Amino acid sequence: MELGLVGLGKMGGNMRERIRRAGHTVIGYDRNADLADVHSLEELVGKLSAPRVVWVMVPAGEATQATVDRLGELLEPGDVVVDGGNSRWTDDEKHAEELAAKGIGFVDCGVSGGVHGLANGYALMYGGDEENVAKVRPVFDALKPEGDFGSVHAGKVGAGHFSKMVHNGIEYAMMQAYAEGWELLEKVDSVENVREIFRSWQEGTVIRSWLLDLAVNALDDDEHLDGLRGYAQDSGEGRWTVEAAIDNAVPLPAITASLFARFASRQDDSPQMKMIAALRNQFGGHAVEKKP
């Protein structure tokens, strides 16, 4: 099939390549002309055959809203817009309603895979009407990992980004647990090889995971993370997860504590936050702050 892809950064650029490797045509637009196949949204839409599918991979908030608004002016009834960024699920409901008034479909898709997605595939969580999802399914199949899992129609519009939000909240708590354990091991005099302890956990233990593998990678690069400042940013989705928990009266003590721990990282050079920062860099290519 043909796909228009808006936003060709770390995620979008690799997604374009993976979809092309599956045999589909991707026409990409980015504000950086060096990355783009076309030089405007108008040109992108003009090169696609109806019914068109345009996938948006730009920052959540104003950038996504402006892109969806412009596509709403350019596309025709029967076309579909997919928001694959990290938008809040309540924005999805608004976008779907605005586009539906023009006969344009909308699908929201949470995407996980970071900088490793090109090789390993992307976990996809999407929401929307089955009719609109069906128009995008060949792209979902191209992006997902090999095998039976890694892709799910989570429900109505907003369900995809809500699922990805909860996924990220769980990620916060898992990283915090690894970081706390690492700091305690580093603190005790009798423990002499923390990196190799983490490495030993990669096989046969109940806490083995990809995040643990990435922690070992980070420790191989810098055994005691001496080169990192103990500061970890939060993307916003951890906050949204806690807010949703409050709205629905669901207790999330571990996820909430992990979010507050990141706030604590902005006060002092936290050893735990060195590990969190290292893990975020490993799986998502997120920037780290080096010590001066």
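K144 is buried, yet it has no salt bridge. The nearest side chain of opposite charge is D141, 6.2 Å away. A salt bridge would need a distance within 4 Å. This is a predicted model. The points below cover K144, two helices that pack together, and two partly exposed residues.

**Around K144**
- K144 sits in the loop between α6 (130-143) and β7 (151-155).
- Beyond its neighbours within four places in sequence, K144 is in contact with R18, G121, Y122 and L124.
- F149, G150 and S151 are also among the contacts of K144.

**Helix α11**
- Helix α11 covers residues 253-264, twelve residues in total.
- From its first C-alpha to its last, α11 reaches 16 Å, close to the 16 Å expected at 1.5 Å a residue.
- Its buried residues are I255, T256, S258, L259, A261 and R262.
- An α-helix has 3.6 residues a turn, so residues three or four places apart point the same way.
- The cover over the buried residues of α11 includes α7 (159-187), α10 (237-247) and α12 (271-284).

**Helix α12**
- Twelve of the 14 residues of α12 are buried, so this helix is largely enclosed by the rest of the structure.
- Among the buried residues of α12 are the charged K274 and R280.
- Others buried in α12 include M273, M275, I276, L279 and F283.
- The buried residues of α12 pack against α1 (10-21), α7, α8 (194-200), α9 (210-221) and α11.
- The end C-alpha atoms of α12 are 20 Å apart, which agrees with the 20 Å that its 14 residues should span at 1.5 Å a residue.
- G285 follows α12 and has a positive phi, near 70°.

**Surface patch and helix α7**
- V166, I170 and M174 make a nonpolar surface patch of about 220 Å².
- M174 lies in helix α7.
- M174 counts as partly exposed because its relative accessibility is 35%, and the partly exposed class runs from 20% to 50%.
- Helix α7 also helps to cover the buried residues of α11, and the buried residues of α12 pack against α7.

**E43 and a long separation**
- E43 lies in helix α2 (residues 41-47).
- E43 is partly exposed, with a relative accessible area of 30%.
- The C-alpha atoms of E43 and L184 are separated by 56 Å.
- Along the chain, E43 and L184 are 141 residues apart.

Terms used. Residues numbered from 1 in each chain as written. Predicted model: local features only at pLDDT ≥ 70, side-chain atom pairs only at ≥ 80, totals over all residues. Heavy atoms only, no water. Helix = DSSP H or I, 4+ residues; strand = E, 2+ residues; numbered from the N terminus. Expected span 1.5 Å × (residues − 1). Buried < 20%, exposed > 50% of the residue type's maximum accessible area, 1.4 Å probe, protein only. Contact = heavy atoms within 4.5 Å. Patch = residues over 30% accessible without salt bridge, like charges linked within 9 Å, V, L, I, M, F, W, Y side chains within 5 Å. Areas by Shrake-Rupley, 256 points an atom, 1.4 Å probe, with all protein chains shown as cover.
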